[in-house]
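Here is a short tour for someone meeting this structure for the first time. Have a look at it, then read on.

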Amino acid sequence: MTTGERKSTTMRSRPRRLATWREQHAWCLAASMQRLAARPLGTALTVLVMGFALALPLAFWLVLGNLEHLAGTVGRTQAINVFMQTQARPEAVAALAGELRQRDDVAAVSIRTPAQGLSELASMQGFAKAVAALDYNPLPYVLVVEPRQHAPAAAVQALIAALRVLPGVDQVQDDGTWRQRLDALVDAGQRVAVVLALLLALAALLVVGNSVRQDIRGCAGEIAVLKLVGASHAFVRRPYLYAGLWYGLASGVVASVLVAIVEMALAGPLGRLAASYGGQLALGGLTWWQLLMAPLLAAFLGWLGARLVSARWLRRMA
Amino acid sequence: MRVASRYPRLHVPHLHRAVIRFDQVSKHYPSGQEALSQVSFEVAPGEMVFVTGHSGAGKSTLLKLLAAIEKPSRGRVSLDGQNLARVGPHAVPLLRRKLGMVFQDHRLLMDRSVFANVELPLVIAGMAADERARRVRAALEKVGLLATEGKSPEALSTGEQQRVGIARAIVGKPTVLLADEPTGNLDPHLATEVMGLFAAFQQVGTTILVASHDLALIKRMKKRVVVLDHGRMVDDVPAVEVA
């Protein structure tokens, strides 16, 4: 055979192999769906158990995302308050604010005038009469300094120390400890979420694995027939891999729907909580991307569980 | 039927290329049971041979060796010139696709239609759907069951189920057809009908090996007969001498 003939044979056999592969996969795909449809209750139970198992880390992910967002927002609202001396001139305060804005460890600086401070005080319950009784404004200028986002605690402490020694500064107030605790809480939550996700992913693998194992045991006769008429190990296993994929995909959809329901149920209380922070907190749910990824990840888990179990059980039945 | 062997046990002179060849084949199970002992015979292309003997004589073991379900303990089993002892686990499915197998208990998938059962070997071979449909209908027509293609095998009689099994065995146009007690569950009339089908397949060049203990049926068919007794081949009667 010449090189040209060999090339031509390869060119012909490649589409043939692809067609064979497509025909076999189409049959296995249909066979897997028929098998799941043949026992709807068992399939539904597997999907629901796996769906609930996957919904937990997904919900935790949602809570954590919001907590992280909350920490960031609180970080901004808990900016460092720099109280100027009462005799500080507006021009000097503005100049100092400008200097601070040039610093790398400062994200933003805003000026709160004595008039604004008095107005805020007057709006608080029980203070209106006391403020009205004053014949002058005793409040100083305040510089609200926001540290750079995600700045380490040591850097924030260094900034506070630097602010304290600035000319014209009377007092520096910071709620850094509280913010550190919140950050630590979010970090711990992230770890818990990862551990929980791993454990529940393992649980999902076991659930799918057990279902596929039962499917294989229930189809021992069929598997024997398939092997006798020339089915390869891969062909026999393929419907079970597809079944695992369907279990995973369906349970991922269930998990996403459950989390969406939880989101809707919590939307009211969370909205009120957000409003209590003056509308600065934007509490949100999972994104469309995240909701799409959940079923895909679950489908992979289902396929993996089916692959692990089917390899072992079909080898045992050989 | 004669009892003495007509052929020497060793080194049979081959005037043709045998499709099936057993050369000094023995099979021992781990339990110590000797299922076959030094069995040697050949089957020519397009020949139909009955393997007979009492229950436990080794008929099924002989077929299992040909289908690579079992491996011989000693000796050599060849199919189409291929030494089956050298066939690796990955090549066994390819080997089985060359064979058609018919079983006493039909081994049909009861949750699938007749069509789907017969289609199975073609799906495994990766044949396109339209070609599969054409071949399945041709096979069902040969066994006279075209009208039942949409039915479940459970809705058919035992004889019809056996014919579905035969259709599945021949749909891939195998060069060799193996049948293990194919008429075991059938009444004499249906058994003759099934054997008539086998004879028709032989006419178109298929090599057929049938394990059966139904001597009356074997005599009626007038084909070559290999006789086993406690795992030993005790006779090999040519078709012309079967009476």
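## A helix crossing in chain B

H3(B) and H4(B) cross in a right-handed way (the near helix is turned clockwise from the far one by less than a right angle; anticlockwise would be left-handed). In this predicted model, H3 covers residues 114-124 of chain B and H4 covers residues 129-142 of chain B, and their axes come within 9 Å and cross at roughly 125°. That angle makes H3(B) oblique to H4(B), because under 35 degrees counts as roughly parallel, over 145 as roughly antiparallel, 65 to 115 as roughly perpendicular and the rest as oblique. Axes are lines fitted to C-alpha atoms, for helices over the stretch in contact, with angles running from 0 to 180 degrees between N-to-C directions.

Who does the touching? On H3(B) there are Phe115(B), Val118(B), Glu119(B), Leu122(B) and Val123(B), and on H4(B) there are Arg132(B), Arg135(B), Val136(B), Ala139(B) and Leu140(B). Being in contact means that C-beta atoms, placed from the backbone, lie within 7 Å. Sorted by type, the contact has seven nonpolar residues, no polar ones and three charged (Ala, Val, Leu, Ile, Met, Phe, Trp, Tyr, Cys and Pro are nonpolar, Asp, Glu, Lys and Arg charged, and the others, Gly among them, polar).

## Chain A

Chain A has ten helices and four strands, which are DSSP runs numbered from the N terminus (helices: H or I, at least four residues; strands: E, at least two). Along the sequence they read α-α-β-α-β-α-α-β-α-β-α-α-α-α.

## Where the chains meet

The contact between the chains takes 14 residues from chain A and 15 residues from chain B. On chain A's side, helix H1 (3-38) and helix H8 (220-228) each supply at least two residues, and H1(A) gives the most, with six. That side of chain A divides into eight nonpolar, four polar and two charged residues.

## How far to trust it

The model scores ipTM 0.82 and pTM 0.70. Chain B averages a pLDDT (the predictor's confidence in each residue, from 0 to 100) of 87, and 93% of its residues score at least 70. Over residues 1-15 of chain B, though, pLDDT stays under 50. Where pLDDT is low, the predicted coordinates should not be read in detail.

Residues are numbered from 1 along each chain as its sequence is written, while chains are lettered from A and ligands numbered from 1 in the order in which they are written. As this is a predicted model, local features need pLDDT of at least 70 and side-chain atom pairs count only at pLDDT 80 or more, while totals for chains, interfaces and linings use all residues.

Methods
Contact = placed C-beta atoms within 7 Å.
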